[in-house]
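User: I should like to study a protein model by way of questions and answers. Please begin with the classes of residue that line its principal pocket.

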Amino acid sequence: MPHYTGTTLIRSDPARPTRLGILLSGRGSNFLAIADSIRTGKLQGVEIAVAISNVADAPGLARAAELGLSTAVYVSKGRPRADHDADLIACLRAFQVDLVCLAGYMRLLSPAFIAAFPNRILNIHPSLLPAFPGLDAQQQAFDYGVHFAGCTVHFVDEHLDHGVIVLQRAIPVLATDDSHSLSTRILAEEHIAYTEAIARVVSGDYEIRGRRYVRRGQPSSI
Ligand code: GRF
């Protein structure tokens with residue numbers, strides 16, 4: 001069982017925005033929601049330093065370039081994980097990234113990567129973890145017959161969809177839902193959740209006790 005306890009401040013220089021490194025493999029709607037939150041001032045004191053994809057033609061990466069953001073591609077297919085991740089680490093360091101945000105990044109990270117950014121990697125998953133980790137989480141939840149579904153933003157550790165939970169948003173499953181409509185409604189919650197989770201982490205106003213994320217000064221609020 002990994003041990004998490006500690007206080008996690010992203011950086012100490014308040015004059016400098018916290019620099020995000022986005023990792024994505026696909027359409028990038030979560031990335032775009034984050035970018036939009038920064039643009040509209042919902043997410044303050046934060047900037048996107050670089051968007052990186054392991055898939056050369058990921059639509060999300062094209063959108064990042066259109067927004068004028070720095071982008072990088074490291075094709076992972078056929079490469080040993082350690083080599084690929086070493087390139088990612090070097091790139092994220094070159095862009096002085098403080099917080100790594102996985103936004104539909106469809107590849108497990110190596111232990112070396114996780115060690116390089118301790119408690120500084122977030123992921124979003126479309127289920128109420130620990131239920132339904134892995135692929136097709138919304139379909140898994142729908143088929144299981146849950147009455148509530150949702151999404152989770154969590155710190156990334158060496159296990160799949162497993163690290164400390166920063167924030168969850170739940171929605172009821174409707175009698176009229178199919179897995180597609182459920183996925184669409186979960187995605188809308190994801191777009192809200194990721195911004196809120198980043199704001200929480202960047203504030204530094206929390207502690208990690210055991211597996212628990214605890215907001216300072218708000219003992220009853222998670
Ligand atoms: C989202 O459902 C996210 O929770 C999961 O992968 C999907 C990525 O979607 N990890 P997008 O690329 O952000 O639109």
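User: Which class, nonpolar, polar or charged, has 15 residues in the lining of the largest pocket?
Analyst: The model is a predicted one. In the lining of the largest pocket, 14 residues are nonpolar and seven are charged. The class with 15 residues is polar.

User: Which residues lie nearest the centre of the largest pocket, and how much space lies in that pocket?
Analyst: The lining of the largest pocket consists of 36 residues. Nearest the centre are Gly104, Tyr105, Met106, Ile124 and Pro126. The space in this pocket is about 840 Å³.

User: Which element gives the most to the lining of the largest pocket?
Analyst: The elements that give two or more residues to this lining are helix H1 (29–39), strand E6 (121–125), helix H5 (137–144) and helix H6 (179–203). With five residues, the element that gives the most is H6.

User: Which residues of H1 are buried, and what covers them?
Analyst: A residue counts as buried when its relative accessible area is under 20%. In H1 this holds for Ser29, Asn30, Phe31, Ala33, Ile34, Ala35 and Ser37. The cover of these buried residues includes strand E2 (18–24), strand E3 (46–53), helix H2 (59–66), E6 and H6.

User: Is Ser37 buried or exposed, and which residues is Ser37 in contact with, leaving aside its neighbours within four places in sequence?
Analyst: Ser37 lies in helix H1. Its relative accessible area is 3%, so Ser37 is buried. Leaving aside neighbours within four places in sequence, the residues in contact with Ser37 are Lys42, Leu43 and Thr195.

User: What phi does Gly41 take just after H1?
Analyst: Gly41 follows just after helix H1. Its phi is positive, at about 85°.

User: Where is Asn119 placed, and is Asn119 buried, partly exposed or exposed?
Analyst: Asn119 is not a glycine, yet its phi is positive, at about 55°. The residue sits in the loop between helix H4 (111–116) and E6. Because its relative accessible area is 23%, Asn119 is partly exposed.

User: Where is Phe132 found, and what is its relative accessible area?
Analyst: Phe132, which is not a glycine, also has a positive phi, of about 60°. The loop between E6 and H5 holds this residue. Phe132 is buried, and its relative accessible area is 14%.

User: Which residues does a cis peptide bond join?
Analyst: Omega is about 10° at this bond. One of the two residues, Pro130, is placed in the loop between E6 and H5. The cis peptide bond joins Leu129 and Pro130.

User: How many helices and strands are there in the protein, and what share of the 222 residues is buried?
Analyst: The protein has six helices and 10 strands. Of its 222 residues, the buried share is 47%.

User: What radius of gyration does the protein have?
Analyst: The C-alpha atoms fill a box of roughly 50 × 45 × 40 Å along the principal axes. For 222 residues, a compact globule would have a radius of gyration near 17 Å. The value for the protein agrees with this, being 17 Å.

User: Among contacts between residues at least 6 apart in sequence, what share joins residues at least 24 apart?
Analyst: Two residues count as in contact when heavy atoms lie within 4.5 Å. Among contacts between residues at least 6 apart in sequence, the share that joins residues at least 24 apart is 64%.

Conventions
Residues numbered from 1 in each chain as written. Predicted model: local features only at pLDDT ≥ 70, side-chain atom pairs only at ≥ 80, totals over all residues. Heavy atoms only, no water. 1 Å grid on protein atoms, 1.4 Å probe; cavity = no way out; pocket = protein on both sides within 12 Å on 5 of 7 lines; lining within 4 Å. Points joined across faces, edges and corners; volume = space filled by probe spheres on them. Helix = DSSP H or I, 4+ residues; strand = E, 2+ residues; numbered from the N terminus. Nonpolar A, V, L, I, M, F, W, Y, C, P; charged D, E, K, R; others polar. Buried < 20%, exposed > 50% of the residue type's maximum accessible area, 1.4 Å probe, protein only. Rg over C-alpha atoms; globule rule 2.2 N^0.38 Å.
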